[in-house]
Amino acid sequence: MANTTISSQMQQSVSNRLMSASLIDNPIMNQIHSIHASDGCSRHIDMKPLLRFTENILQNALATTIDTPATPQEAQTQLNELLEDYDDHYDFLKLYLAQIIKRTSCKISCACGQSAYAATLEVFQTLSSFTWETKAVLALAAFSVTYGKFWLVAQPSPTNLLAKSIAILEQLPDMLADKEPWKPKFEAPTNLIKTILKVTKCVVDFWELLSEYMTPDGRGMPTAAAHIPTAVYWTIHGMVVCTKQTMCLTDMGQEDIDQTMEDWYLSSLDHKLSQIHDYLKEQLAVCRQHIRERREIEAYKMIEHLLKTPQIDNMKILGALICAKAEQLPLFDGLNKTRARLDVLWKKNVLLFISELEVPYQELSILETMYLESRQNPTKEESQYEVVWLPVVDGSTPWNEEKDRHFETQKALMTWYSVFHPSLLETAAIKYIKEVWGFNKKPMLVALDPMGRVVNPNAIHMIYIWGPTVAFPFSKSREEGLWKEVTWGIELLAAAIHPMIVDWISEGKYICLYGGDDIEWIRKFSDVAKTIGSAADIKLEMLYVGKSNLGEKVRKNNDSIAQENLSHVLPDLSSVWFFWTRLESMWHSKVQHGENAERDPIMQEIVSMLSFDGGDHGWAVFGRGRGEMSQMTKGKGDTIVDCLRDYNEWKNDIATKGFVGAVNDYLSQLHTPHHCNRLVLPGTTGRTPDRVACAECGRPMEKYIMYRCCTD
């Protein structure tokens, strides 16, 4: 009963002391502020090296208190590193810091002879000319000296006779011989010291942010900054209280090992400082988020400014997109498999290959083939360009080993440059890429000239159409000029797909391209086309180009057509993919230049071909020649089959109109006003116009949103 009463009295006493401390926080802080240099001349010293050194001392001291200390080898290695950092950073300041730490240590060591509050004020008076975070670290360093000295004597090594002798004279208990009884006694001060260290580190981090980045009207600053002096006061007060208890151990008998009133107070201080730490940590996160946002805004504006302002080269612009600090190697050379500096791109035409982390195999394969072909003669002007892969990674999901492996695999497949790691692509750059350049999942190539000017926000379409050698230097004016040089025909439509098509055109052969995924229609069409070719005595070459949706049907059709010798097939599905992607690129290229099917004949033909792919039936195109001499006609489904079967109806027109002309005229007779054309384009590539005219009747097509998941 007596013990219960004593315990209640102790709790009440501690509660009263904390309540008093809480009530006089403002008077205390008023006095602390009056001691602090308020003329704007407070001295700031970078405290990070001293804090690390002090933390090492306290960790070693705390390890001797309860835990097992580090091995001598580990401790020596860590100490050497900290010494090197300390010496390099402070140099001539070391003696000055030592004097301040010594004076402050004396104030803390004398805590036994006075109240903790009075001793705390004396420490603040000693450190009055320093900024708040400097006060905290200098006081902690002074405390670590006092605390460390105590444990050097209280737990001397067996060979340190001097320390053992001093311990005997001061009548310190032999805690080295038996730690267990002392562990409960030092649990409260040990926990408090750990919390003091955490709060001090948080204060240093906070003040570093406030002084370097925040402005007086910055978000989160007034409230958070106002709490820093309070946090510094209670950390130093906690150091003084810990010192009082530690230094006064000689006044305690063995019966005092049980929890005392001071232990209760230390635990309560620990709780108070923990709350302060949690609050500062939360505010620190708010400030860091604000700083990140402000940095991103500034970086975004910088990119905007650089791209609008004439530059002497491309280095500033590339540096704003790719995080490239001094002496850093932010690029990976895919050809030589080595890291590279950003200046390897100096004053060169640069294509920024922007994609998600996963690049479709077909796309990468085609671009790689084009790139290597264009580099075969490196002395030619059209070979003077570089490609840099910028993978845009979703920042909402954490980076992990699986993503890292995937990135490394993709990077290894490329022979051009890549960023060494996706994190080197600035957040502001990603925002600019999406908002201004219009990136949305689909790979794109942004063309920069040697001065860093954007000459084409997406040159991938012109490169797919004409190849990099012809498209160089990838500008919009070059793209516009190339369109003026071409006419619609089999050469524009398919010559880039496979070398054999170029040979057929050169030999003056008739070429039939056909597609769809209905194998029965394919057999029917190929049979009648071959028969009519023989009957008309023309050299006809037929090539199956499948559908844009590379499903299992297209692969099986390729195999069946080859086995049954129905016609030629493209060598792989990548070539089929390229045929349709290139056709879509023609459409997007025309749209980028403001063209539409109503006034542009080539655009009308492109829309017609794409609508064939969007339908359910097969289709065919017949063509011959190149340039102004080219001829072409087309039809779909049963209409083109019926036309060929009615050969006898139009065969006499071949002599005057030619084979293609005769087929074209007869198809126009079979045409009915009833039709249903569908134009399917990927919704994530390019800028899709609101209005598209039907290639068959010229009326505006209705616009639908389609979601497709096809595992065929």
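**Exercise 1. Strand β3 and its partners**

Task: In this predicted model, determine which residue of β4 stands opposite Ile354, and which residue of β6 does so.

Solution.
Step 1. Ile354 stands opposite Leu390 in β4. The two strands concerned, β3 and β4 (residues 385–391), pair in the parallel sense over seven bridges.
Step 2. In β6, the residue opposite Ile354 is Met444. Here β3 and β6 (residues 444–448) are antiparallel, and five bridges connect them.
Step 3. Strands of a sheet pair through backbone hydrogen bonds, either parallel or antiparallel.
Step 4. The sheet that holds these strands is open, has seven strands and follows the order β2-β1-β5-β4-β3-β6-β7, with mixed pairing. Its edge strands are β2 (338–340) and β7 (454–456), each of which pairs on one side only. From one strand to the next, the twist averages 35°.

**Exercise 2. The environment of β3**

Task: State how many of the seven residues of β3 (residues 349–355) are buried, and assign the buried residues to the two faces of the strand.

Solution.
Step 1. A residue counts as buried when its relative accessible area is under 20%. Seven of the seven residues of β3 are buried, so the strand is largely enclosed by the rest of the structure.
Step 2. In a regular strand the side chains alternate between the two faces of the sheet.
Step 3. On one side of β3 lie Asn349, Leu351, Phe353 and Ser355, and on the other lie Val350, Leu352 and Ile354; all are buried, and both faces are thus covered.
Step 4. Helix α13 (residues 361–374) lies across β3, β4 and β6, and runs at about 155° to β4.

**Exercise 3. The five-stranded sheet**

Task: Give the strand order of the five-stranded open sheet and explain why β10 and β12 each have one side without a neighbour.

Solution.
Step 1. The order is β10-β9-β8-β11-β12, and the pairing is mixed.
Step 2. Because β10 (568–569) and β12 (631–636) stand at the edges, each with a single partner strand, one side of each has no neighbour in the sheet.
Step 3. Strands β8 (residues 510–515) and β11 (residues 619–624) run antiparallel and are joined by five bridges. Within this pair, Cys512 has Phe622 of β11 as its bridge partner.
Step 4. Helix α24 (residues 637–645) packs on this sheet and touches β11 and β12; its direction makes about 120° with that of β12.
Step 5. Helix α21 (residues 552–563) lies across β8, β9 (540–544) and β10, at about 150° to β9.

**Exercise 4. The buried face of α24**

Task: Identify the buried residues of α24 and show why they line one face of the helix.

Solution.
Step 1. The buried residues are Gly637, Ile640, Val641, Cys643 and Leu644.
Step 2. An α-helix has 3.6 residues a turn, so residues three or four places apart point the same way.
Step 3. Viewed down the axis of α24, the buried residues fall within an arc of 165°, so they line one face.
Step 4. These residues pack against α20 (519–536), β11, β12, α25 (647–650) and α26 (654–670).

**Exercise 5. Ile532**

Task: Is Ile532 buried or exposed, and which residues does it touch beyond those up to four places away in sequence?

Solution.
Step 1. Ile532 is found in helix α20. Its relative accessible area is 7%, and a residue under 20% counts as buried, so Ile532 is buried.
Step 2. Ile532 touches Leu644, Tyr647, Trp650 and Phe659.
Step 3. Ile532 and Asp646 are 114 residues apart along the chain, while their C-alpha atoms are separated by 9.7 Å.

**Exercise 6. Aromatic rings**

Task: Classify the ring pair of Phe612 and Trp619, and state which residues form one aromatic cluster with Tyr510.

Solution.
Step 1. Rings pair if their centres lie within 6.5 Å, and planes under 30 degrees apart count as stacked. By this rule there are 28 aromatic pairs.
Step 2. The ring centres of Phe612 and Trp619 are 5.8 Å apart and the planes lie at 25°, so the pair is stacked. Both residues are buried.
Step 3. Tyr510 forms one aromatic cluster with Tyr514, Trp521, Phe525, Tyr544, Phe622, Tyr647, Trp650 and Phe659.
Step 4. Charged side chains also meet rings: Lys411 lies over the face of Phe420, at 4.5 Å from the ring centre, and the charged end of Lys431 sits over the ring of Tyr300, 4.9 Å from its centre.

Notes:
Residues are numbered from 1 along each chain as its sequence is written. This is a predicted model: local features need pLDDT of at least 70, side-chain atom pairs count only at pLDDT 80 or more; totals for chains, interfaces and linings use all residues. Side-chain values use heavy atoms; hydrogens and water are left out. Two strands pair if DSSP finds at least two bridges between them. Helices (H or I, at least four residues) and strands (E, at least two) are DSSP runs, numbered from the N terminus. Contact means heavy atoms within 4.5 Å. Axes are lines fitted to C-alpha atoms, for helices over the stretch in contact, and angles run from 0 to 180 degrees between N-to-C directions. Rings of Phe, Tyr and Trp (its six-membered ring) pair if their centres lie within 6.5 Å; planes under 30 degrees apart count as stacked, over 60 as edge-to-face and the rest as tilted. Buried means under 20% relative accessible area, exposed over 50%, partly exposed in between (1.4 Å probe, protein chains only). A charge sits over a ring if NZ of Lys or CZ of Arg is within 6 Å of the ring centre and within 35 degrees of the ring normal. The arc is that of the directions from the helix axis to the C-beta atoms.
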